[in-house]
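Colleague: Mind if I quiz you on the labels you hang on this one? I'd like to see each value set against its cut-off.

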Amino acid sequence: QTRVYRQTGDGWRRTPPSAALWGEVRRLETNHFVFDYRQLDEDAVKASAAHLERLYPAFYAAFLSGPLPAQPRAIQVDPGHAPGDFTLWQRVQTPIVVASPAAYLTPGDVTPEELLTQAIVLRLLDDFEYQLALQYEGPYLREYEQYSMAIPLWPVVSGVALWQLWASDLPLAQWRVSVVQRIFADRQLDPGQPYVEPAFTLELCAMHGLWMKSPIEFHLPFACDARFEQSVVIQRWLESRPRGSSTSLPLTNRYITVSDPLVSTRAAALATMVEYAAATYGPERIPRLLETMDKYDRWEPLVVEVFGVSAETFEAGWADYLAAHYGLTIFTRGSGTPMH
């Protein structure tokens with residue numbers, strides 16, 4: 001690592017990549033991607049390219065209707081790019097730029113291919129969210145300014161991204177069940193009740209830290225960073241819950257539309273909603289859900305149009321799904337008994 005970083009007067013900086021260390025520049029073209037990389041990363045790039053070819057069609061179909069783009073996505077595996085730099089401005093850049101897997105300080109059980117593929121997957125999912133922001137610019141902007149009379153997309157789109165992240169066979173997918181169980185458990189807390197960190201937090205933070213400063217950057221309400229107080233994150237989560245029964249499913253209009261900069265507190269719960277909807281009604285319904293949300297200011301008619309069932313039926317099925325796949329016992333709207 002001493003050959004990768006150098007210390008300057010204002011901190012540590014990456015050294016320019018040298019041909020002696022990283023090898024010559026190479027290119028790999030696949031059906032959906034064009035990779036530019038250095039010779040040192042060739043094995044990782046080839047393995048990652050094959051992995052991404054399997055994942056990409058499902059990622060695209062989760063967000064957008066229609067055929068896959070004819071133009072391949074350009075990806076630069078750059079030895080000069082710092083690992084863990086998941087900054088929002090980079091999603092508007094073309095090509096996608098990620099760090100060389102050789103530049104990471106990692107646990108021994110994470111392979112170079114996993115380091116590279118996970119970084120690219122995070123960029124791709126973030127980019128799909130950005131494309132939807134452009135496509136449905138009005139609802140997104142009105143959500144932040146609290147002017148929208150329609151159900152805003154942002155928390156649900158973040159839930160779709162998190163669902164796809166968890167559906168991949170990559171390092172950050174391993175906490176899906178633990179995180180969902182904790183999210184719904186936190187919803188039962190009273191606002192004055194002290195918050196206790198879950199046992200898996202240290203490991204989750206360490207693994208997510210390979211690719212981002214905080215899991216909040218990818219829709220998980222775990223601080224893991226000095227910029228955030230975990231107690232504040234949880235307090236915002238408690239304050240943004242639907243009023244009424246603390247055991248109700250987070251599907252009320254207020255739950256989806258409440259404006260909160262920490263949308264990660266709702267994205268994890270909504271990820272289970274789109275996971276259930278895709279498994280039960282077909283994955284093609286998810287882009288249709290996103291396309292249709294701008295038409296409605298209430299959840300009930302939206303469910304009828306997109307899924308062809310009443311909101312009560314949908315929520316009861318979702319509760320059954322949470323019980324079967326996450327071991328959760330959740331009350332549905334208007335029900336005095338839990339669904340198992």
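Colleague: Okay, which residues of α13 are buried?

Modeller: The buried ones in α13 are A311, F314, E315, A316, G317, W318, A319, Y321, L322 and Y326. Buried means under 20% relative accessible area, exposed over 50%, and partly exposed in between, with a 1.4 Å probe and protein chains only. Before you ask: this is a predicted model, where local features need pLDDT of at least 70 and side-chain atom pairs count only at pLDDT 80 or more, while totals for chains, interfaces and linings use all residues. Residues are numbered from 1 along each chain as its sequence is written, and side-chain values use heavy atoms, leaving out hydrogens and water.

Colleague: And why is L202 called exposed?

Modeller: L202 has a relative accessible area of 72%, and the cut-off for exposed is over 50%, so the label fits. L202 sits in helix α7, residues 201-208. Helices here are DSSP runs of H or I with at least four residues, strands are E runs of at least two, and both are numbered from the N terminus.

Colleague: How do you know that the length of α13 agrees with its residue count?

Modeller: The expected span is 1.5 Å times one less than the number of residues. For the 16 residues of α13 that gives 22 Å, and the end C-alpha atoms are 21 Å apart, so the two agree. After α13 comes G327, with a positive phi near 65°.

Colleague: What makes α12 and α13 roughly perpendicular?

Modeller: Helix α12 (residues 299-307) and helix α13 (residues 311-326) pack at about 80°, axes 8 Å apart. Axes are lines fitted to C-alpha atoms, for helices over the stretch in contact, and angles run from 0 to 180 degrees between N-to-C directions. Under 35 degrees counts as roughly parallel, over 145 as roughly antiparallel, 65 to 115 as roughly perpendicular and the rest as oblique. The angle therefore earns this pair the roughly perpendicular label.

Colleague: Which residues make that contact?

Modeller: W299, E300, V303 and F307 from α12, with A311, F314 and E315 from α13. Contact means heavy atoms within 4.5 Å.

Colleague: Where do α2 and α11 meet?

Modeller: A61, A62 and F63 in α2 meet I286, P287 and L290 in α11. The axes of α2 (residues 42-63) and α11 (residues 285-292) come within 6 Å and cross at roughly 35°.
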